[in-house]
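Colleague: I'd like a close look at one part of this protein, the salt bridges and the helices that carry them. Could you walk me through that, with enough of the surroundings to keep my bearings?

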Amino acid sequence: MPAGSSPKRERQYEHIKESAQDRGESPKRAKEIAARTVNKERARSGESRTASRSSTQDKSSGQRGGQRSGKGSQGPTYDQLYNEARERGIKGRSDMNKAQLQRALNAKKS
(Lines give C-alpha, C1' and ligand atoms only; values in the text may rest on other atoms or scores of the structure.)
Protein backbone atom coordinates (compact mmCIF):
# COMPACT_ATOMS: atom_id res chain seq x y z
CA MET A 1 0.00 0.00 0.00
CA PRO A 2 1.29 3.47 -0.83
CA ALA A 3 2.19 5.74 2.07
CA GLY A 4 -0.73 7.88 3.16
CA SER A 5 -3.45 5.46 2.06
CA SER A 6 -6.78 5.85 3.76
CA PRO A 7 -7.71 3.51 6.62
CA LYS A 8 -10.54 2.19 4.43
CA ARG A 9 -8.10 1.14 1.70
CA GLU A 10 -5.79 -0.43 4.30
CA ARG A 11 -8.69 -2.53 5.61
CA GLN A 12 -9.73 -3.43 2.08
CA TYR A 13 -6.16 -4.53 1.26
CA GLU A 14 -5.93 -6.75 4.36
CA HIS A 15 -9.35 -8.29 3.70
CA ILE A 16 -8.53 -9.12 0.08
CA LYS A 17 -5.10 -10.49 1.02
CA GLU A 18 -6.54 -12.77 3.73
CA SER A 19 -9.30 -13.93 1.41
CA ALA A 20 -6.80 -14.85 -1.30
CA GLN A 21 -4.69 -16.79 1.19
CA ASP A 22 -7.80 -18.64 2.39
CA ARG A 23 -8.38 -19.72 -1.23
CA GLY A 24 -4.89 -21.25 -1.31
CA GLU A 25 -2.82 -18.47 -2.91
CA SER A 26 0.76 -18.02 -1.73
CA PRO A 27 1.39 -15.01 0.53
CA LYS A 28 3.29 -13.27 -2.29
CA ARG A 29 0.48 -13.82 -4.80
CA ALA A 30 -2.15 -12.78 -2.23
CA LYS A 31 -0.32 -9.47 -1.68
CA GLU A 32 -0.16 -8.91 -5.43
CA ILE A 33 -3.88 -9.58 -5.89
CA ALA A 34 -4.78 -7.28 -2.99
CA ALA A 35 -2.50 -4.47 -4.17
CA ARG A 36 -3.79 -4.61 -7.73
CA THR A 37 -7.41 -4.64 -6.61
CA VAL A 38 -7.01 -1.76 -4.16
CA ASN A 39 -4.96 0.30 -6.62
CA LYS A 40 -7.64 -0.17 -9.25
CA GLU A 41 -10.34 0.96 -6.82
CA ARG A 42 -8.21 3.98 -5.87
CA ALA A 43 -7.82 4.88 -9.54
CA ARG A 44 -11.55 4.53 -10.16
CA SER A 45 -12.43 6.88 -7.33
CA GLY A 46 -9.77 9.47 -8.21
CA GLU A 47 -7.53 8.78 -5.20
CA SER A 48 -4.39 8.09 -7.25
CA ARG A 49 -2.28 10.48 -9.31
CA THR A 50 -2.27 8.29 -12.40
CA ALA A 51 -4.78 5.81 -13.73
CA SER A 52 -4.70 3.56 -16.77
CA ARG A 53 -7.63 3.50 -19.13
CA SER A 54 -8.41 -0.10 -18.18
CA SER A 55 -8.54 0.88 -14.50
CA THR A 56 -11.14 3.53 -15.12
CA GLN A 57 -13.18 1.98 -17.93
CA ASP A 58 -13.20 -1.77 -17.16
CA LYS A 59 -15.69 -3.39 -14.77
CA SER A 60 -14.84 -2.71 -11.16
CA SER A 61 -13.79 -5.62 -8.99
CA GLY A 62 -17.07 -5.34 -7.09
CA GLN A 63 -19.15 -5.60 -10.26
CA ARG A 64 -17.02 -8.41 -11.61
CA GLY A 65 -17.58 -10.46 -8.47
CA GLY A 66 -14.97 -13.13 -9.18
CA GLN A 67 -15.93 -13.67 -12.81
CA ARG A 68 -12.25 -13.96 -13.74
CA SER A 69 -11.00 -15.83 -10.70
CA GLY A 70 -10.58 -19.39 -11.99
CA LYS A 71 -14.24 -20.29 -11.67
CA GLY A 72 -15.04 -19.95 -15.35
CA SER A 73 -16.07 -22.62 -17.80
CA GLN A 74 -13.04 -24.79 -16.97
CA GLY A 75 -13.41 -24.54 -13.21
CA PRO A 76 -10.62 -23.95 -10.74
CA THR A 77 -7.01 -24.05 -11.91
CA TYR A 78 -4.65 -26.97 -11.35
CA ASP A 79 -2.79 -24.94 -8.72
CA GLN A 80 -6.02 -24.16 -6.85
CA LEU A 81 -6.99 -27.84 -6.86
CA TYR A 82 -3.50 -28.90 -5.78
CA ASN A 83 -3.48 -26.46 -2.86
CA GLU A 84 -6.88 -27.67 -1.73
CA ALA A 85 -5.72 -31.30 -1.97
CA ARG A 86 -2.65 -30.45 0.10
CA GLU A 87 -4.83 -28.79 2.76
CA ARG A 88 -7.05 -31.88 2.93
CA GLY A 89 -4.09 -34.27 3.07
CA ILE A 90 -4.82 -36.19 -0.14
CA LYS A 91 -2.00 -38.67 -0.81
CA GLY A 92 -0.39 -38.94 -4.25
CA ARG A 93 -1.52 -35.49 -5.31
CA SER A 94 1.82 -34.59 -6.90
CA ASP A 95 1.37 -37.37 -9.47
CA MET A 96 -2.22 -36.36 -10.33
CA ASN A 97 -3.40 -34.26 -13.25
CA LYS A 98 -6.19 -31.70 -12.99
CA ALA A 99 -9.03 -34.16 -13.61
CA GLN A 100 -7.64 -36.65 -11.11
CA LEU A 101 -7.27 -33.94 -8.46
CA GLN A 102 -10.88 -32.89 -9.04
CA ARG A 103 -12.10 -36.48 -8.65
CA ALA A 104 -10.03 -37.02 -5.50
CA LEU A 105 -11.37 -33.82 -3.96
CA ASN A 106 -14.95 -34.73 -4.84
CA ALA A 107 -14.49 -38.22 -3.36
CA LYS A 108 -13.03 -36.73 -0.17
CA LYS A 109 -16.11 -34.49 0.25
CA SER A 110 -18.45 -37.48 0.34
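Modeller: Here is the overall layout, then the salt bridges, then the neighbouring parts. Keep in mind that this is a predicted model.

The protein has 6 helices and 0 strands, so from the N terminus on you read α-α-α-α-α-α, with helices and strands taken as DSSP runs. Of its 110 residues, 25% count as buried. The accessible surface comes to about 7800 Å², and 45% of that belongs to carbon and sulfur atoms. If you take the contacts between residues at least 6 apart in sequence, 23% join residues at least 24 apart.

Now to your salt bridges. A search of the whole structure turns up 4 of them, and I'll go through three pairs here, starting in α2, which covers residues 27-44.

Glu-32 is the residue to look at in α2. One partner is Arg-29, with the closest N and O atoms 3.5 Å apart. Those two sit 3 residues apart in helix α2, which means about one helical turn separates them. Another partner is Arg-36, where the N to O distance is 3.0 Å. Here the spacing is 4 residues in helix α2, again about one helical turn. Why does that spacing suit a pairing along a helix? An α-helix has 3.6 residues a turn, so residues three or four places apart point the same way. Put the pairs together and Arg-29, Glu-32 and Arg-36 are linked in a network of salt bridges.

How covered are these side chains? Glu-32 is partly exposed, at 32% relative accessible area. Arg-29 is also in the partly exposed class, at 37%. Arg-36, at 57% relative accessibility, counts as exposed, because the cut-off for that class is over 50%.

For the next pair, go to α5, residues 78-88. Arg-88 and Glu-84 meet in a salt bridge there, 2.4 Å from N to O. They are 4 residues apart in helix α5, so about one helical turn lies between them. Arg-88 is partly exposed at 28% relative accessibility, and Glu-84 is partly exposed too, with a relative accessible area of 29%.

What packs against α2? The buried residues of α1 do. Helix α1 takes in residues 7-22, 16 residues in all, and reaches 23 Å from its first C-alpha to its last, close to the 22 Å expected at 1.5 Å a residue. Its buried residues are Arg-9, Tyr-13, Ile-16, Lys-17 and Ala-20. They cover an arc of only 100° around the axis, which puts them on the same side of α1. On the other side of α1, Pro-7, Lys-8, Arg-11, His-15 and Asp-22 are exposed. Just after α1, Gly-24 takes a positive phi of about 105°.

Leading up to α5, there is another glycine to find. Gly-75 lies in the loop between α4 (61-64) and α5. This residue is partly exposed, with a relative accessible area of 24%. Its C-alpha is 9.7 Å from that of Gln-102, though the two are 27 residues apart along the chain.

So, when you go back to the viewer, begin with Glu-32 in α2, because Arg-29 and Arg-36 each lie about one helical turn from it. Then turn to Arg-88 and Glu-84 in α5 for the pair at 2.4 Å.

Key. Residues are numbered from 1 along each chain as its sequence is written. This is a predicted model: local features need pLDDT of at least 70, side-chain atom pairs count only at pLDDT 80 or more; totals for chains, interfaces and linings use all residues. Side-chain values use heavy atoms; hydrogens and water are left out. Buried means under 20% relative accessible area, exposed over 50%, partly exposed in between (1.4 Å probe, protein chains only). Contact means heavy atoms within 4.5 Å. Accessible areas come from the Shrake-Rupley method with a 1.4 Å probe; for residues, only the protein chains shown count as cover. The expected span of a helix is 1.5 Å times one less than its number of residues. The arc is that of the directions from the helix axis to the C-beta atoms. A salt bridge is a side-chain nitrogen of Lys or Arg within 4 Å of a carboxyl oxygen of Asp or Glu.
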